[in-house]
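Subject: Handover of a structure and findings

Dear colleague,

Please find the structure below, together with its sequence. I should be grateful if you would read the notes that follow with both in view.

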Amino acid sequence: MDIVKFKKNEIIFKEGDYPSCMYDIQTGSVGIYADYGEDTQKALATLYEGDFFGEMGLIDSCPRSATAIALEATSAKKITMDDFSTYMNENPAKVVTIMQHMGDRLRRLSNDYLAACKVIDEYRRCEEAKLPKSPSLMERLRRFSAVRRKSK
């Protein structure tokens, strides 16, 4: 496992990139963003020493779901799939932390999905009954639709 260094504002990886590793922050901080550089950019998390990121891509080999940016001079342990078993054996507490992190993320996404379904269903019922849509409903719909909308 190599220690890699990133300069302030350096892109560590971009949303859509194919993963080859995850990172364990040794010093510094990293920002995680959806739609980085777009009008719809959204800060998802700020991570610090002892935090990790990129684990989802390493585990499932799917494209990165967000962009990671060094917010200051940062060093991180780069963990490839070849290193993963050794890293987990040497850091058993990280296994639990990674599982908790992934569980929290899945729970948040599930809750967001169910809330979005309720908003869409309320909108559909208003449409079918030809009822006016309340400002509250329209604001909730705008909030959900803005989360992943790309400006092109």
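What does the accessible surface of the chain come to, and what share of it belongs to carbon and sulfur atoms? The accessible surface is about 9800 Å², and carbon and sulfur atoms account for 54% of it. Please bear in mind throughout that this is a predicted model.

Overall form

The chain contains 4 helices and 8 strands. Read from the N terminus, the order of elements is β-β-β-β-β-β-α-β-β-α-α-α. The C-alpha trace spans about 60 × 30 × 25 Å along its principal axes. The radius of gyration is 19 Å, whereas a compact globule of 152 residues would have one near 15 Å. Of the 152 residues, 30% count as buried. Among contacts with a separation of 6 or more, 72% are made by residues 24 or more positions apart. As to charge, the chain carries 24 positive and 23 negative charges, and the mean positions of the two sets are 6 Å apart.

Helix α3

Helix α3 covers residues 92-129, which is 38 residues. From its first C-alpha to its last, α3 reaches 56 Å, close to the 56 Å expected at 1.5 Å a residue.

Which residues of α3 are buried? They are K94, I98, A116, V119 and C126. In an α-helix, residues three or four places apart point the same way, because there are 3.6 residues a turn.

K94, which is found in α3, deserves a closer look. K94 counts as buried because its relative accessibility is 14%, and the cut-off for buried is under 20%. Leaving aside neighbours within four places in sequence, K94 is in contact with D24, G50, D51, F52 and Y87.

S110 is also found in helix α3. Its relative accessibility is 34%, so S110 counts as partly exposed. The C-alpha atoms of S110 and M99 are separated by 16 Å, and the two residues are 11 apart along the chain. After α3 comes K130, whose phi is positive, near 55 degrees.

Two loop residues with positive phi

Most residues other than glycine have a negative phi. Two loop residues may be set against that background.

N9 lies in the loop between β1 (2-6) and β2 (11-13). Its phi is near 70 degrees, a positive value in a residue other than glycine. Is N9 buried or exposed? N9 is exposed, because its relative accessible area is 52% and the cut-off for exposed is over 50%.

D35 is found in the loop between β4 (29-34) and β5 (42-48). Phi of D35 is near 55 degrees, again a positive value in a residue other than glycine. With a relative accessible area of 1%, D35 is buried.

Further residues in the strand region

E38 lies in the loop between β4 and β5. E38 counts as partly exposed, at 29% relative accessibility. Although 74 residues separate E38 and D112 along the chain, their C-alpha atoms are separated by 22 Å.

I11 is found in strand β2. At 35% relative accessibility, I11 counts as partly exposed. Which residues does I11 touch, not counting those up to four places away in sequence? I11 touches Y36, T67, A68 and I69. The C-alpha atoms of I11 and V30 are 9.6 Å apart, and these two residues are 19 apart along the chain.

In brief

The points to carry forward concern the helix and the loops. Helix α3 has 38 residues and reaches 56 Å, and its buried residues include K94. Of the loop residues described, N9 is exposed, whereas D35 is buried.

With kind regards

Notes. Residues numbered from 1 in each chain as written. Predicted model: local features only at pLDDT ≥ 70, side-chain atom pairs only at ≥ 80, totals over all residues. Heavy atoms only, no water. Helix = DSSP H or I, 4+ residues; strand = E, 2+ residues; numbered from the N terminus. Rg over C-alpha atoms; globule rule 2.2 N^0.38 Å. Buried < 20%, exposed > 50% of the residue type's maximum accessible area, 1.4 Å probe, protein only. Contact = heavy atoms within 4.5 Å. Areas by Shrake-Rupley, 256 points an atom, 1.4 Å probe, with all protein chains shown as cover. Lys, Arg positive; Asp, Glu negative; His and termini not counted. Charge placed at Lys NZ, Arg CZ, Asp CG, Glu CD. Expected span 1.5 Å × (residues − 1).
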